[in-house]
Amino acid sequence: MFVIPERCKECLFCIEFCPRQVLVKSPHINSKGYHYPMVAPGKENDCVHCQFCSLVCPEMAIYTEEVGA
């Protein structure tokens with residue numbers, strides 16, 4: 001899961017709708033003053049590349065890439 005912090009406007013859709021609850025709001029802010037998402041501590045391996053976060057993000061600020069086995 002990859003985030004482009006400067007595109008995020010803190011709508012929190014990615015956090016709210018992640019089926020695996022992988023994301024949380026970062027304590028850091030971008031230059032616009034928005035908290036962007038980050039992977040929750042201990043959930044680093046829980047993303048299953050469903051791409052739902054990228055589908056619900058209106059700013060295209062988040063995407064996933066499948067990791068080879």
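Where is the place of Pro-58? In this predicted model, Pro-58 is found in the loop between α2 and β4. With a relative accessibility of 48%, Pro-58 counts as partly exposed, because exposed residues must have over 50%. The C-alpha atom of Pro-58 is separated by 9.7 Å from that of Cys-14, although the two residues stand 44 residues apart along the chain.

**The loop between α2 and β4**

The loop that holds Pro-58 is also the place of Met-60. Met-60 has a positive phi of about 50 degrees, although this residue is not a glycine. At 60% relative accessibility, Met-60 counts as exposed, since that value lies over the 50% cut-off. Glu-59 is in the loop between α2 and β4 as well. Glu-59 has a relative accessible area of 29% and is therefore partly exposed.

A positive phi is also found at His-49, with a value of about 60 degrees, and His-49 is likewise not a glycine. His-49 lies in the loop between β3 (35-39) and α2. Its relative accessible area of 24% makes His-49 partly exposed.

**Salt bridges**

A search of the whole structure yields 2 salt bridges. One of them joins Lys-9 and Glu-59, whose closest N and O atoms are 3.9 Å apart. This pair links distant parts of the chain: Lys-9 is in the loop between β1 (2-3) and α1, Glu-59 is in the loop between α2 and β4 (62-63), and the two are 50 residues apart. Another salt bridge is formed by the side chains of Lys-25 and Glu-10, at 3.4 Å from N to O. Here too distant parts of the chain are linked, with Lys-25 in strand β2 (residues 23-29), Glu-10 in the loop between β1 and α1, and their positions 15 residues apart.

The accessibility of the residues in these pairs is set out below.

| Residue | Relative accessible area | Class |
|---|---|---|
| Lys-9 | 43% | partly exposed |
| Glu-59 | 29% | partly exposed |
| Lys-25 | 42% | partly exposed |
| Glu-10 | 22% | partly exposed |

**The nonpolar patch**

On the surface, a nonpolar patch is formed by Phe-13, Phe-17, Phe-52 and Leu-55, which together have about 390 Å² of accessible area. Two helices contribute to this patch: α1 (13-17) and α2 (52-56) each supply at least two of its residues. Phe-52 lies in helix α2. With a relative accessible area of 34%, Phe-52 is partly exposed, and this value also meets the patch requirement of over 30%.

**The cavity**

Phe-52 belongs to the lining of the largest cavity as well as to the surface patch. How many cavities of 30 Å³ or more are counted? The count comes to 1 cavity, and the volume of the largest cavity is about 80 Å³. Its lining includes Met-1, Cys-18, Arg-20, Val-22 and Leu-23. Also among the lining residues are Cys-47, Val-48, Cys-50, Gln-51, Cys-53 and Thr-64. By class, the lining divides into 9 nonpolar residues, 2 polar residues and 1 charged residue. Arg-20 is the charged member of this lining, because Arg counts as charged. Gln-51 and Thr-64 are the polar members, because neither type is listed as nonpolar or charged.

Technical notes:
Residues are numbered from 1 along each chain as its sequence is written. This is a predicted model: local features need pLDDT of at least 70, side-chain atom pairs count only at pLDDT 80 or more; totals for chains, interfaces and linings use all residues. Side-chain values use heavy atoms; hydrogens and water are left out. On a 1 Å grid over the protein atoms alone, a cavity is a set of points where a 1.4 Å probe fits but cannot get out, and a pocket is an open set with protein on both sides within 12 Å along at least five of seven lines; lining residues have an atom within 4 Å of a point. Grid points are joined across faces, edges and corners, and a volume is the space filled by probe spheres set on the points. Patches are made of residues with over 30% relative accessible area and no salt bridge: like charges are joined within 9 Å, nonpolar side chains (Val, Leu, Ile, Met, Phe, Trp, Tyr) within 5 Å. Accessible areas come from the Shrake-Rupley method with a 1.4 Å probe; for residues, only the protein chains shown count as cover. A salt bridge is a side-chain nitrogen of Lys or Arg within 4 Å of a carboxyl oxygen of Asp or Glu. Helices (H or I, at least four residues) and strands (E, at least two) are DSSP runs, numbered from the N terminus. Buried means under 20% relative accessible area, exposed over 50%, partly exposed in between (1.4 Å probe, protein chains only).
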